[in-house]
Amino acid sequence: MLRKLHADCCEVSTPAKLNLSLEVSAQRPDGYHELETLMVTINVFDTLRFTQAPAGHLGLCNHWCVSRQHHTTPDSLPTGPDNLVLQAASLLLRTTGVSRGVDIDLFKRIPLAAGLAGGSSDAAGTLVGLNSLWNLGLSLSDLSELGARLGSDVPFFLAATTAAICRGRGEIIEPIRLTTSLHFVVVKPAAGLSTAQVFQNCQPAQVPISSSGLVRSLQCGDLGRVGLQLFNRLGAPAEKLCDQVSQLRDRFTRLPVLGHLMSGSGTSYFGLCHNSQQARQLAGRLRSTHPGQVFAVQSCV
Ligand code: C5P
């Protein structure tokens, strides 16, 4: 979501995502894995503010905006060249050849190393924000092609959809339309996981599970079936690498949710709730017993 504040400044809100299914079918010659995943955006947003600066200057200032409810010390955010926001800005300068500069303020709410794609969403937001600030005139499909070079999840956030099946390494997007909001309680434990390490420990499926049944259940609003069809091939390797994920699975098994799952490569874990009231109530319960960050969220429509 892009807002022009004035000629020299604009803001973009970038959502987190949850994976309702994720199947890994093969390792590819390029080192990535072939996957099929159903992703939905949720209403936890980072905000990026872009302000014109002298040509050649790329500045980034991070601000954590963590609610007091979360009882947690925010992780430190990288501000060097490995930060995806700066990588996105540099990539735009390199590929378009324009001589521009920017100061970027990143107001961070999406936890890091969480399987919620905060970094990828910020990278997508940076491409959109700078395309506007610098009047580059690139199409969403141009931005998506650039985004795929930054990370497998980035094109999803440039697809102008709130839900999609993503294939290939994640960059081939088939938008799907959800008719109702889904309500979730999400826990990000203290530990995070490296996406690369989780994929390295994953055994691709011999007979891959398709997401088509889950899509049908979503489209006919059968939440009971949706809960039973949640699936993530990366769950087992993530649990081997991180006890906190298996502890969360045990905890969610004892909650009255419709279904539960780890998101992406972890470590966030979510439960599908009957409604927003239940999501808020369970978030309150989990907050009082669980270290880490707890969110009651809904899918964006
Ligand atoms: O694409 P991205 O930079 O987010 O991926 C991080 C790492 O996760 C990759 O370097 C790769 O090791 C692993 N990965 C994978 N297969 C995918 C996506 C990511 O093996 N489809």
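Visitor: Which residues does Phe 50 touch, leaving aside those up to four places away in sequence?

Guide: This is a predicted model. In it, Phe 50 touches Asp 8, Cys 9, Cys 10, Val 12, Val 102, Asp 103, Ile 104, Gly 125, Thr 126, Gly 129, Leu 130 and Leu 133. Contact means heavy atoms within 4.5 Å, so each of these residues meets that cut-off.

Visitor: What makes Phe 50 part of a nonpolar core?

Guide: Members of such a core must be buried, and they are joined through side-chain atoms within 4.5 Å. Phe 50 belongs to the largest core, which has 33 residues. Phe 50, Leu 92, Leu 127, Leu 130 and Trp 134 have the most contacts inside it.

Visitor: Which elements each supply at least two residues of this core?

Guide: They are β2 (9-27), β3 (33-53), α1 (84-96), β5 (101-108), α2 (118-133), α3 (140-150) and β6 (163-167). The most comes from α1, with seven residues. A second, separate core has 28 residues, including Ile 165, Leu 218, Leu 258 and Phe 295.

Visitor: Why is the pair between the ligand and Ser 152 called a polar contact?

Guide: The cut-off is 3.5 Å between N or O atoms. An oxygen atom of the ligand is 2.6 Å from an N or O atom in the Ser 152 side chain. That is within the limit, so the pair is a polar contact.

Visitor: What makes His 33 and Arg 169 polar partners of the ligand too?

Guide: A side-chain N or O atom of His 33 is 2.8 Å from a ligand oxygen atom. For Arg 169, a backbone N or O atom lies 3.0 Å from a ligand nitrogen atom. Both pairs therefore qualify under the 3.5 Å limit. The protein covers 75% of the 450 Å² of accessible area that the ligand has on its own.

Notes:
Residues are numbered from 1 along each chain as its sequence is written. This is a predicted model: local features need pLDDT of at least 70, side-chain atom pairs count only at pLDDT 80 or more; totals for chains, interfaces and linings use all residues. Side-chain values use heavy atoms; hydrogens and water are left out. Buried means under 20% relative accessible area, exposed over 50%, partly exposed in between (1.4 Å probe, protein chains only). Helices (H or I, at least four residues) and strands (E, at least two) are DSSP runs, numbered from the N terminus. A polar contact is a pair of N or O atoms within 3.5 Å; within protein, one must be able to donate a hydrogen and the other to accept it, and residues adjacent in sequence count only if both atoms are side-chain atoms. Accessible areas come from the Shrake-Rupley method with a 1.4 Å probe; for residues, only the protein chains shown count as cover.
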